[in-house]
Amino acid sequence: MRKLFTSESVTEGHPDKVCDRISDAVLDAVLAVDPNGRVACETCCTTDTVFIAGEITSKVDVDIEGIARRVLRDIGYTGGASGFDADTCKVMAFVHKQSPDIAMGTSDTVGGAGDQGMMFGYACNETPELMPLPIMLAHKMAYKLAQTRKDGTIPFILPDGKTQVTVEYGEDGMPSRIDTIVISTQHYENATEEQLLESLTENVITPILKYAKHFAGVYGGDLDIDTYNLYINPTGRFVQGGPAADTGLTGRKIIVDTYGGYAPHGGGAFSGKDPTKVDRSAAYMARHIAKNVVASGLCDKCQVQLAYAIGMALPVSLRIDTFGANVDEEKLCNAVDRCFELTPLGIIEALNLRLPIYEQTSAYGHFGNVVGGNFTWESTHKAGLLRRTYNTL
């Protein structure tokens, strides 16, 4: 029986990602001047309107309207065929300060979590990034789609787009074949199906599949990239797109943001939240731990769960699953507890999360470094220490 797995990604011009980026850009603007600022910023965009709401407690006031318009221009929503105009749309902002009940438990004195909840991290040896292959290929194709639009390589596509990749897995549990690729991209009225098929195949699909084939060989495997099914704009047309066609909302692409459904998600969104919110910071630490466990050679894939209670500094639970590897998981949990900071303040300091780095996480996944962000949680510098600690317990 064939074993297939599918993941999707979306471009930065997708309405939900537009909102994620605006929310994270507001967060960055606060952190750039006030690293201890507290932000929980939500954005909604539709038709000709951007609506921004949430809680911001900071020593500085930021130009929320100006930030939103700048983000829209950067993405490519400058009127015309895109259907949405950064300079003429309405921008409404309604923000207030963080609840004192929450602030009391998350102060630097108390150092507690900003909310209860559970967070998951995952890593596996399917790709150099230690991410599942389906989501990495979907992200890379979505990013390539945006790049070729912006640099003029494909001049007849517009900001909104989606990618989807189905991978077939062999008996050894590793990727063996690309089964299906779906790309939907907004385009100019006069673009033909033939133009889209030829341009996307040559400039988006083929380069990414060659990358995947190369690294499969580096890791001693093989990947069939020649027998896949391909669907480009399956309905035949995608002229009306972006916020003019669909309402966008911050936090509605959490599976795209993480592991493409290959691993669990705790439920909390990331974008627009400062790092005292463990929905974000602890999910980054869980990924950091999982990636270092796999990089240490202790197992081929690893899933980490952390859980917190509001106002409490230490996690209420830590669970590690190595999926049947020859590893003492209880001993591994003890090693992780010794090698990694797990309190909210400890995570923030260890991963240097008070910097304005978040806008670049808002599209193409928070894990895997598709955009070259050099994110601290993607580092594997603790792999050696973790392995030594585990072996001495």
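Which residues does Pro132 touch, not counting residues up to four places away in sequence? The model in which this question is posed is a predicted one, and the answer is best reached after a view of the whole chain.

The protein chain contains 10 helices and 11 strands. Its radius of gyration is 21 Å, close to the 21 Å that the globule rule gives for 393 residues, so the chain is as compact as a globular protein of that length. Along the principal axes, the C-alpha trace spans about 65 × 55 × 30 Å. Of the 393 residues, 55% are buried. The accessible surface of the protein chain amounts to about 16100 Å², and carbon and sulfur atoms account for 50% of it. Among contacts with a separation of 6 or more, 73% join residues that lie 24 or more positions apart.

The interior may be considered next. The largest nonpolar core has 78 residues, and those with the most contacts inside it are Val50, Tyr308 and Leu332. Helix 7, residues 278-295, supplies the largest share of this core, namely 10 residues. Apart from this core lies another, of 26 residues, which includes Ile154, Ile157, Val204 and Ile225.

Val50 illustrates the surroundings of a core residue. When neighbours within four places in sequence are left aside, Val50 is in contact with Ile22, Thr43, Cys44, Cys45, Leu72, Phe84, Cys89, Lys90, Val91 and Met92.

Met92 leads from the core to the surface. Together with Phe51 and Phe94, Met92 forms a nonpolar patch on the surface, and the three residues have about 270 Å² of accessible area together. Phe51 belongs to strand 3, which covers residues 49-57. Phe51 counts as partly exposed because its relative accessibility is 34%, a value between the limits of 20% and 50%.

The opening question can now be answered. Pro132 is located in the loop between strand 5 (117-124) and helix 4 (133-150). With residues up to four places away in sequence not counted, Pro132 touches Tyr122, Cys124, Glu126, Thr127, Tyr259 and Tyr262. Why does Pro132 count as buried? Its relative accessibility is 1%, and buried means under 20% relative accessible area. Another relation concerns Phe5: the C-alpha atoms of Pro132 and Phe5 are separated by 9.9 Å, although these two residues are 127 residues apart along the chain.

Key: Residues are numbered from 1 along each chain as its sequence is written. This is a predicted model: local features need pLDDT of at least 70, side-chain atom pairs count only at pLDDT 80 or more; totals for chains, interfaces and linings use all residues. Side-chain values use heavy atoms; hydrogens and water are left out. Patches are made of residues with over 30% relative accessible area and no salt bridge: like charges are joined within 9 Å, nonpolar side chains (Val, Leu, Ile, Met, Phe, Trp, Tyr) within 5 Å. Accessible areas come from the Shrake-Rupley method with a 1.4 Å probe; for residues, only the protein chains shown count as cover. A salt bridge is a side-chain nitrogen of Lys or Arg within 4 Å of a carboxyl oxygen of Asp or Glu. Helices (H or I, at least four residues) and strands (E, at least two) are DSSP runs, numbered from the N terminus. Buried means under 20% relative accessible area, exposed over 50%, partly exposed in between (1.4 Å probe, protein chains only). Contact means heavy atoms within 4.5 Å. A nonpolar core is a set of buried Ala, Val, Leu, Ile, Met, Phe, Trp, Tyr and Cys residues joined through side-chain atoms within 4.5 Å. The radius of gyration is taken over C-alpha atoms; the globule rule is 2.2 Å times the number of residues to the power 0.38.
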